[in-house]
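Have you ever wondered how a plain number turns into a word such as "buried" or "oblique"? Let's practise that step together.

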Amino acid sequence: MIDIDQIRADTPAAARLAYLHNAGAALMPAPVVAAMKGHIDLESEIGGYAAADREARRLDAVYGSVARLLNVAPHEIALVENATVAWQMAFYALPFRKGDRILTAEAEYAANYVAFLQVAKRTGAIIDVVPSDATGELDIQALERMIDARVKLIAITWVPTNGGLVNPAAAIGRIARAHGIPYLLDACQAVGQMPVDVEAISCDMLSATGRKFLRGPRGTGFLYIRRALLQQLEPPMIDHFAAPWVSRDEYRLRDDARRFETWENNYAARLGLGAAVDYALDIGMGPIEQRCRLLAGRLRSGLASIRGITIRDLGRTPGAIVSFTMEGHEADAIVRSAAAAGITIGASDPSSTRIDAELRALPPLVRASPHYYNTEAEIDRLIDHLASLTPQ
């Protein structure tokens with residue numbers, strides 16, 4: 001059971017906002033804010049270096065917290081500035097040559113796809129998009145048929161930014177593992193919304209952020225690299241933390257995932273990330289997912305009853321990102337109208353998931369993303385507001 005009263009007490013803004021923009025940046029709970037403020041105060045009192053030394057044990061414990069969240073070992077975790085950096089450090093460490101194939105999904109995120117394009121331009125690698133099945137999920141049978149000796153990477157976004165689709169990450173992992181193909185999973189919108197068990201998924205690399213459903217601070221992210229693959233990868237950029245300078249003409253890469261980090265970090269934000277992970281684990285990822293799906297389902301049901309609204313979500317079991325359009329109303333105008341009513345939602349531009357948007361002829365979408373700290377009354381508030389925009 002989730003103690004909603006306590007959780008909302010830990011989230012002061014919930015008393016004045018119906019905050020349904022967690023796919024963008026969720027509201028941080030009080031323990032996260034306290035962890036960050038406490039470290040900033042300590043830095044102001046004794047200096048940044050001394051503060052990091054004093055809090056070394058707590059800072060190191062963040063790796064353990066993230067490892068528990070993902071069901072991996074702490075030495076397989078790197079803490080970085082954001083999910084994009086995490087994803088890029090893994091992707092650009094992989095060697096590609098002319099004719100090598102990268103398999104990805106139709107709803108792949110723009111930041112990832114432009115990296116594919118850059119590597120294709122530099123190396124002659126080929127990007128192949130796996131088609132979706134009738135539900136909108138990546139077609140597992142099509143993926144299997146597309147595998148050959150030239151496939152050097154399978155890289156997909158688990159939960160795309162533009163809607164509730166949840167791609168079959170574990171089924172993809174089984175195929176990748178069977179064929180010995182590295183598998184990079186963008187879990188930016190999944191972590192914090194649902195259980196993430198890397199062993200069950202069988203991905204080799206996973207990137208995520210702190211600021212979304214995990215309810216951590218902005219400017220935080222993490223990368224998982226499977227130990228067996230880690231030893232084969234050299235980061236695209238290194239410093240003397242990632243690779244100590246051991247002699248005049250030699251550096252030596254660290255033997256853990258921290259080879260993908262740099263020496264300087266925002267330690268206050270790291271402590272906030274650790275507090276966010278611990279907060280979620282204390283509640284339980286199973287109950288969190290259950291409540292997220294309950295609230296998102298309530299919202300979809302309500303939207304379906306409003307004339308002129310089209311729900312744009314895909315997949316068999318959509319998650320807690322609800323996307324829709326409303327006839328006669330631009331997405332940004334709906335977001336502004338909701339904000340004036342004390343309801344925070346967002347929008348998703350077609351350029352964020354261009355292939356999917358072009359295939360489905362999608363305009364900019366309204367995106368509402370409830371989380372476990374939201375109430376049924378807040379969901380109904382948004383539904384009632386949208387209904388009020390429709391001529392009677």
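Here are some questions and answers about this predicted model.

Q: Why are α2 and α11 called roughly antiparallel?
A: Start with the angle: helix α2 (residues 30-46) and helix α11 (residues 267-283) pack at about 155°, and their axes are 8 Å apart. Angles over 145 degrees count as roughly antiparallel, and therefore α2 and α11 get that description. The crossing of α2 and α11 is right-handed.

Q: Which residues of α2 and α11 meet?
A: From α2 come Pro 31, Val 32, Ala 35, Met 36, His 39 and Ile 40. Their partners in α11 are Tyr 267, Ala 268, Ala 269, Leu 271, Gly 272, Ala 275, Ala 276 and Tyr 279. Sorted by kind, the residues of this contact between α2 and α11 are 12 nonpolar, two polar and no charged.

Q: What makes α4 and α11 oblique to each other?
A: Helix α4 and helix α11 pack at an angle of about 40°, with axes 9 Å apart. Roughly parallel needs an angle under 35 degrees, and roughly perpendicular runs from 65 to 115. The angle of about 40° falls in neither range, so α4 and α11 are oblique. As for handedness, α4 passes α11 in a left-handed crossing.

Q: Which residues does α4 bring to its contact with α11, and which does α11 bring?
A: On the α4 side you will find Arg 58, Leu 59, Val 62, Tyr 63, Ser 65, Val 66, Arg 68 and Leu 69. On the α11 side they meet Tyr 267, Arg 270, Leu 271, Leu 273, Gly 274, Val 277, Asp 278 and Leu 281. The residues of this contact of α4 with α11 divide into 10 nonpolar, two polar and four charged.

Q: How do you know whether Thr 220 is buried or exposed?
A: Look at its relative accessible area, which is 3%. Buried means under 20%, so Thr 220 is buried. Thr 220 sits in the loop between β7 (205-209) and β8 (221-225). Beyond residues up to four places away in sequence, Thr 220 touches Val 80, Glu 81, Asn 82, Ala 83, Thr 209, Gly 210, Arg 211, Ala 269 and Leu 273. Thr 220 and Leu 271 are 51 residues apart in sequence, and their C-alpha atoms are 9.9 Å apart in space.

Q: What makes Trp 87 count as buried?
A: Trp 87 has a relative accessible area of 2%. The cut-off for buried is under 20%, so Trp 87 qualifies. Trp 87 belongs to helix α5 (residues 83-91). Not counting residues up to four places away in sequence, Trp 87 touches Asn 112, Ala 115, Phe 116, Leu 184, Asp 186 and Ser 207. Between Trp 87 and Gly 221 there are 9.6 Å from C-alpha to C-alpha, and the two are 134 residues apart in sequence.

Q: Why is Asp 256 called buried?
A: Its relative accessible area is 11%, and the limit is under 20%, so Asp 256 is buried. Asp 256 lies in the loop between β10 (250-251) and α11. Leaving aside neighbours within four places in sequence, Asp 256 is in contact with His 75, Arg 227 and Leu 230.

Q: Why is Asn 71 called partly exposed, while Ala 361 is called exposed?
A: Exposed means over 50%, and partly exposed lies between 20% and 50%. At 40% relative accessibility, Asn 71 is therefore partly exposed. At 63%, Ala 361 is therefore exposed. Asn 71 lies in the loop between α4 (56-70) and β2 (77-80), and has a positive phi of about 60° although it is not a glycine. Ala 361 lies in the loop between α14 (354-360) and β15 (365-368), and its phi is near 55°, a positive value in a residue other than glycine.

Q: How do you know that Cys 203 has no disulfide partner?
A: A disulfide needs two cysteine sulfur atoms within 2.5 Å. The closest cysteine sulfur to that of Cys 203 belongs to Cys 188 and is 14 Å away, so a bond is ruled out. Cys 292 is in no disulfide either, with the nearest cysteine sulfur, that of Cys 188, 15 Å away. A search of the whole structure finds zero disulfides.

How values were computed:
Residues numbered from 1 in each chain as written. Predicted model: local features only at pLDDT ≥ 70, side-chain atom pairs only at ≥ 80, totals over all residues. Heavy atoms only, no water. Axes fitted to C-alpha atoms, helices over the stretch in contact; angles between N-to-C directions. Helix = DSSP H or I, 4+ residues; strand = E, 2+ residues; numbered from the N terminus. Left-handed = near helix turned anticlockwise from the far one by under 90°. Contact = heavy atoms within 4.5 Å. Nonpolar A, V, L, I, M, F, W, Y, C, P; charged D, E, K, R; others polar. Buried < 20%, exposed > 50% of the residue type's maximum accessible area, 1.4 Å probe, protein only.
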